[in-house]
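Welcome! Please take a look at the model below, and then we will walk through a surface patch and two pockets together.

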Amino acid sequence: MLDLDMAPYAAFVWPAWGVSALVLAALTVRAVIASRKWKRELERLEKDQSATSDAAVSLRPQAAQSAIGPLK
Amino acid sequence: MFGLSNPQRFMRFTGPLTPVLWTAAAVLLAVGTWLSFTVPADYQQGDTVRIMFVHVPAASLGLGAYAALGVSSFFALVFRHALADAAARAAALPGAAFTALALFTGSLWGQPMWGTWWVWDARLTSVLVLFLFYLGYMALRASIDDEQKGARAAAVLGLVGLINLPIVKFSVDWWNTLHQPASFLTPGASGLDPVYLPPFLTMLAAYGVLFAALWLTAIRTEIRRRRVLTLRARKALEA
């Protein structure tokens, strides 16, 4: 049976649980936000990099392209 | 195990594992909280016994996270392994938070039971020193502009702090302290009433799995951050 009446110790039990919940939630939110931020940034940079290398390949002279063989 | 020291392999292996850990932590925390408020109040401590279910796991993880930080620092120093350094860095913030929670909830438990918020006894003081080691580690890393130099200096501090772990653990046996001796992990029988074991063990598991989820996520984030910095530097060189 759920017992939420902490009297006469409510002033000690609830802050202990409340602050614990807040800190764990803050750690979780911070970890998820940082993870998403760097994941997005890495994806953007890798996309830029592959676009740049594709553009460099298309600018190669025909002779050079045939010399290095089929492109992947 | 050592195959995971390759960052790419680590990312592949931990990719599917991380959401499983987050889900398990959420379920364990929910069940543990429910169990914590359904057990009867202690005949001596009353409802303050429920503080134990958040205090002891926080203290255990504060110690455990520092062990992870210290061992990772050792590998980072000796083998100069970037992933070990990322692991040490990733353990610092959650470890500091768990230790701060242990101090805070312990104080809230101490006041009604001992009649004081704080005493300079061996257990409380050594846990405060542990918290200061965490702060020092993070401050040292942040204060040196050269990331590699900062990482090495912090790793040395991280290793030195390992000395404090047995002092925290055995302080209640080596000195006369107001803090009670270990009651759960006592050889022979547990000093804890069996009725409190289900919420206690569930919350301990919940905190452990939550730390694993936080740690792995932070290591993965650190690997990505370093890759971004490398790509940015390469781009700047090409420009």
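In which helix of chain B is the place of B:Phe74? In this predicted model, B:Phe74 sits in helix α2 of chain B, which covers residues 52-79. B:Phe74 has a relative accessible area of 38%, and it counts as partly exposed because that value lies between the 20% and 50% limits. Together with B:Val71, B:Phe75, B:Val78 and B:Phe79, B:Phe74 forms a nonpolar patch on the surface, and the accessible area of these residues together is about 450 Å².

Now for the pockets. The largest pocket has a volume of about 1100 Å³. It is lined by 41 residues, and those closest to its centre are B:His55, B:Val56, B:Arg123, B:His179 and B:Gln180. Two or more lining residues come from each of α2, α3 (82-114), α4 (122-143), α6 (164-174) and α7 (197-238) of chain B. The largest share is that of α3(B), with 8 residues.

The second largest pocket has a volume of about 790 Å³. Of its 27 lining residues, B:Ala82, B:Leu83, B:Asp85, B:Ala86 and B:Arg226 are the closest to the centre. Here both chains take part: α1 (10-58) of chain A supplies at least two lining residues, as do α1 (7-36), α2, α3, α5 (147-161) and α7 of chain B. The most comes from α5(B), which gives 6 residues.

Here is how the two linings divide by residue type:

| Pocket | Nonpolar | Polar | Charged |
|---|---|---|---|
| Largest pocket | 26 residues | 11 residues | 4 residues |
| Second largest pocket | 11 residues | 4 residues | 12 residues |

How values were computed
Residues numbered from 1 in each chain as written. Chains lettered and ligands numbered in written order. Predicted model: local features only at pLDDT ≥ 70, side-chain atom pairs only at ≥ 80, totals over all residues. Heavy atoms only, no water. Patch = residues over 30% accessible without salt bridge, like charges linked within 9 Å, V, L, I, M, F, W, Y side chains within 5 Å. Areas by Shrake-Rupley, 256 points an atom, 1.4 Å probe, with all protein chains shown as cover. Salt bridge = Lys/Arg side-chain N within 4 Å of Asp/Glu carboxyl O. Helix = DSSP H or I, 4+ residues; strand = E, 2+ residues; numbered from the N terminus. Buried < 20%, exposed > 50% of the residue type's maximum accessible area, 1.4 Å probe, protein only. 1 Å grid on protein atoms, 1.4 Å probe; cavity = no way out; pocket = protein on both sides within 12 Å on 5 of 7 lines; lining within 4 Å. Points joined across faces, edges and corners; volume = space filled by probe spheres on them. Nonpolar A, V, L, I, M, F, W, Y, C, P; charged D, E, K, R; others polar.
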